[in-house]
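Grab your viewer and work through a few exercises on this chain. Try each task yourself before reading the solution under it.

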Amino acid sequence: MDGANVIGARADGWWRDRPGAARRLVAEIAAWTAATNSDPVQSGQEELPARIVVVLEGAARSGIPAGEVDTEPAPVTVAPARRPAVVVMHAPGHGDDAIVAATAEAGPGPLVITSDRALVERVRALGADTRGARWLRERLDS
């Protein structure tokens with residue numbers, strides 16, 4: 001996931017505090033995965049992947065350490081749900097290059113969230129499906 005692109009999809013003043021915006025995004029994703037997988041039928045959400053990778057670049061990297069995010073356990077449900085791992089990746093340079101590399105390593109059929117047309121072309125050439133940042137924002141904000 002193109003963290004900068006998703007953060008920038010909502011004009012909430014993120015540009016004044018990029019590290020804080022990165023922390024908020026990852027917290028929103030963790031909360032969304034808990035709500036979705038606690039009862040996907042009632043939440044009206046689709047099934048989530050096994051792993052969600054949030055790529056951060058520039059100043060946003062200082063907002064949250066790289067690695068798997070420690071999230072609270074999902075609530076107990078009638079049928080146990082699979083909860084995806086949320087992983088933060090710090091791009092050493094340009095975020096798009098890190099996203100392309102992660103897509104290539106992911107194996108067949110990853111989903112990449114970005115609204116960057118050039119990045120969409122690059123990851124689709126590797127077999128990825130794509131969704132725009134607004135697609136994810138709608139899910140996180142609901």
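The exercises below deal with a predicted model, each followed by a worked solution.

**Exercise 1. Confidence and layout**

Task: Work out how many helices and strands the chain has, and find which element has the lowest mean pLDDT and which the highest.

Solution:
- Start with the count: there are 6 helices and 5 strands.
- Next, walk along from the N terminus, where the elements read α-α-α-β-β-β-α-β-α-β-α.
- Now check confidence. Mean pLDDT over the chain is 86, and 84% of the residues reach at least 70.
- Helix 3 (residues 40-43) sits at the bottom among the elements with a mean of 43, while helix 5 (residues 117-124) tops the list at 97.
- Zoom in on residues 38-44: pLDDT stays under 50 there, and the model gives this stretch 5 contacts beyond four places in sequence.

**Exercise 2. The sheet**

Task: Give the order of the strands in the open sheet, then say which strands are at its edges.

Solution:
- The sheet has 3 strands, ordered 1-3-2, with mixed pairing.
- Strand 1 and strand 2 (67-68) are the edges, as each of them pairs on one side only.
- Look at the strand 1 to strand 3 pairing: the two run parallel and are joined by 6 bridges.
- Pick out some partners. Val53 has Val87 of strand 3 as its bridge partner, and Val55 faces Met89, also in strand 3.
- Is strand 1 mostly buried or exposed? Since 5 of its 6 residues are buried, strand 1 is largely enclosed by the rest of the structure.
- One thing to keep in mind while you look: side chains in a regular strand alternate between the two faces of the sheet.

**Exercise 3. The nonpolar cores**

Task: Find which residues of the largest nonpolar core touch the most other members, and which element gives the largest share of that core.

Solution:
- The core has 23 residues, and Met1, Ile29 and Val54 are the ones touching the most other members.
- Helix 1 (3-7), helix 2, strand 1 (51-56), strand 3 (85-90) and helix 6 (133-141) each put in at least two residues.
- Helix 2 contributes the largest share, with 6 residues.
- Follow Ile29 outwards: leaving aside residues up to four places away in sequence, Ile29 touches Met1, Ile52, Val54, Val86 and Leu140.
- Don't stop there, as a second, separate core has 11 residues, including Val87, Ile99, Val100 and Ala128.
- For the whole chain, 40% of the 142 residues count as buried.

**Exercise 4. Ala34**

Task: Decide whether Ala34 is buried or exposed, and how far its C-alpha atom is from that of Pro84.

Solution:
- Locate Ala34 in helix 2 (residues 18-38).
- Its relative accessibility is 16%; the cut-off for buried is under 20%, so Ala34 counts as buried.
- Ala34 and Pro84 are 50 residues apart along the chain, yet their C-alpha atoms are separated by 8.9 Å.
- Across the chain, 60% of the contacts with a separation of 6 or more come from residues 24 or more positions apart.

**Exercise 5. Tryptophan rings**

Task: Classify the geometry of the Trp14 and Trp15 rings, then find which charged residue sits over the ring of Trp135.

Solution:
- The chain has 1 aromatic pair.
- In that pair, the ring centres of Trp14 and Trp15 are 5.6 Å apart and the planes meet at 80°, so this is an edge-to-face pair.
- Trp15 is partly exposed, at 43% relative accessibility.
- Over at Trp135, the charged end of Arg131 sits over the ring, 5.7 Å from its centre.

Definitions and conventions: Residues are numbered from 1 along each chain as its sequence is written. Side-chain values use heavy atoms; hydrogens and water are left out. Helices (H or I, at least four residues) and strands (E, at least two) are DSSP runs, numbered from the N terminus. Buried means under 20% relative accessible area, exposed over 50%, partly exposed in between (1.4 Å probe, protein chains only). A nonpolar core is a set of buried Ala, Val, Leu, Ile, Met, Phe, Trp, Tyr and Cys residues joined through side-chain atoms within 4.5 Å. Contact means heavy atoms within 4.5 Å. Two strands pair if DSSP finds at least two bridges between them. Rings of Phe, Tyr and Trp (its six-membered ring) pair if their centres lie within 6.5 Å; planes under 30 degrees apart count as stacked, over 60 as edge-to-face and the rest as tilted. A charge sits over a ring if NZ of Lys or CZ of Arg is within 6 Å of the ring centre and within 35 degrees of the ring normal. pLDDT is the predictor's confidence in each residue, from 0 to 100.
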